[in-house]
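Reader: I have just opened this one at my desk and would love a guided tour. Please take me through it step by step.

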Amino acid sequence: NILPILVLIAVAFTNYDQQHMPPSALFTWVGLRNFKNLFTTSATITFGYSFTKVLVWTLEWAVLATFTTYILGILLAKFINDKKTKCPKLWRTLFIIAIAVPQFVTLLLVRNFFGDNGIVNTICANIGVTDFLKNIGLVNKSLSYIPFLTNPGWAKFMIVMINIWVGVPYQMLIATGVLMNIPEDQIESARIDGASSFQIFRKITMPYMLFVTGPALITDFVKNINNFNVIYLLTQDVFVTSNQALANSNAKEVDLLVTWLFRLTNEYYNYKMASVIGICVFVICAAFTLVTFTRTIKGDKEDEFR
């Protein structure tokens, strides 16, 4: 655990890239030059612009991916466990199957489904959805397909939607276990006092869920900052940026910091800048985790909740 981190930190202070790669060429120490380049935007260096764009999308993605799956997972668990729901075991099994299938297989298949020439575009064209979206201005009229994964706006929207489909069943299982432990007398007392279903959910269910799953929610947020699979597998070899400033830094509109780091390392051998970005990711995740965990465990939250 320690050695890779030390190597990462050390490489960030060198000029180790494709032009300085042993044994044909040696790399040397350059001090803080790489850190300066990461926050610099000029005619020749666009890392500052790219870093800002990618960081903003990374944080937006982490918030959307975490809270959409969390809230929808709770609602789905409540729906399945409701006494009025028929065949709850069947519904629960169907959603669990989505977890059983390896994620990389699911994402690669979905990427093909939503491709420019995929089956979803064929269906949308046949039933008139594509023409309708053109008429309301959501799709360029020059296109004969919906750019689900090739347009920046559409791609970000689809990534969030597909992540909901992939992530909600897992959150449903967690929420099911927690919901079964909510004291029934609290809910019955609330009903006797005239509370509606929404009031019970807002005043009893959600506070209890947040109290129990708070640490897991923090962990999920940090995990989504580094959620490599969903972004990379859905957009690799499909999405091509038209933003020249991003392209100069080997970044894309849909990249997270971690996928940008991977591309810099694996495709462009720019180890020095990838190491600097890796340090930034570590600092962001560590700072968020320390602050939120400290606030979560501060004081006697259990007595306060009860």
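**Pockets, patch and salt bridges**

Reader: Which residues lie nearest the centre of the second largest pocket?

Author: Happy to start there. The second largest pocket has 21 lining residues. On a 1 Å grid over the protein atoms alone, a pocket is an open set of points where a 1.4 Å probe fits, with protein on both sides within 12 Å along at least five of seven lines, and a lining residue has an atom within 4 Å of a point. Nearest the centre of this pocket are Gln-103, Asn-163, Val-166, Gly-167 and Tyr-170.

Reader: And what kind of model is this?

Author: Residues are numbered from 1 along each chain as its sequence is written, and side-chain values use heavy atoms, with hydrogens and water left out. Local features need pLDDT of at least 70 and side-chain atom pairs count only at pLDDT 80 or more, while totals for chains, interfaces and linings use all residues, as this model is predicted.

Reader: Back to the second largest pocket: which element gives the most to its lining?

Author: Helices here are DSSP runs (H or I, at least four residues; strands are E, at least two), numbered from the N terminus. Two or more lining residues of the second largest pocket come from each of α3, α4 (88-100), α5 (103-113), α8 (152-179), α10 and α11 (228-235). With six residues, the biggest giver is α8.

Reader: How many polar residues line the second largest pocket?

Author: The classes are simple: Ala, Val, Leu, Ile, Met, Phe, Trp, Tyr, Cys and Pro count as nonpolar, Asp, Glu, Lys and Arg as charged, and the others, Gly among them, as polar. The lining of the second largest pocket has eight nonpolar and two charged residues, and its polar residues number 11.

Reader: How much space lies in the largest pocket, and which residues are closest to its centre?

Author: A volume is the space filled by probe spheres set on grid points, which are joined across faces, edges and corners. By that reckoning, the largest pocket holds about 680 Å³. It is lined by 18 residues, and those closest to its centre are Lys-78, Asn-81, Asp-82, Ile-187 and Arg-191.

Reader: Which element supplies the largest share of that lining?

Author: Two or more residues of the lining of the largest pocket come from each of α3 (47-81), α9 (184-192) and α10 (197-225). The lining includes six charged residues, beside eight nonpolar and four polar ones. The largest share, four residues, is from α10.

Reader: Arg-191 caught my eye; which residue does its side chain meet in a salt bridge?

Author: A salt bridge needs a side-chain nitrogen of Lys or Arg within 4 Å of a carboxyl oxygen of Asp or Glu. The partner lies three residues away in helix α9, so the two are separated by about one helical turn. Arg-191 is partly exposed at 47% relative accessible area (buried is under 20%, exposed over 50%, partly exposed in between, with a 1.4 Å probe and protein chains only). At 3.1 Å, N to O, the residue it meets is Glu-188.

Reader: Which residues make up the network of salt bridges that includes Arg-263?

Author: Arg-263 is buried, with a relative accessible area of 2%. Its closest N and O atoms are 2.5 Å from each other in the bridge with Asp-255, and 3.8 Å in the bridge with Glu-267. Asp-255 is buried as well, whereas Glu-267 is partly exposed at 30%. The linked residues are Asp-255, Arg-263 and Glu-267.

Reader: What accessible area does the nonpolar patch on the surface have?

Author: Patch residues have over 30% relative accessible area and no salt bridge; like charges are joined within 9 Å, and nonpolar side chains (Val, Leu, Ile, Met, Phe, Trp, Tyr) within 5 Å. Members of this patch include Trp-91, Phe-104 and Ile-123, and α4, α5 and α6 (119-127) each supply at least two residues. Accessible areas come from the Shrake-Rupley method with a 1.4 Å probe, and for residues only the protein chains shown count as cover. Together the patch residues have about 1100 Å².

Reader: To finish, what percentage of the protein's residues is buried?

Author: The protein has 15 helices and zero strands, and its C-alpha trace spans about 75 × 60 × 35 Å along the principal axes. Val-110 in helix α5 counts as buried because its relative accessibility is 6%. Of the 306 residues, the buried ones make up 40%.
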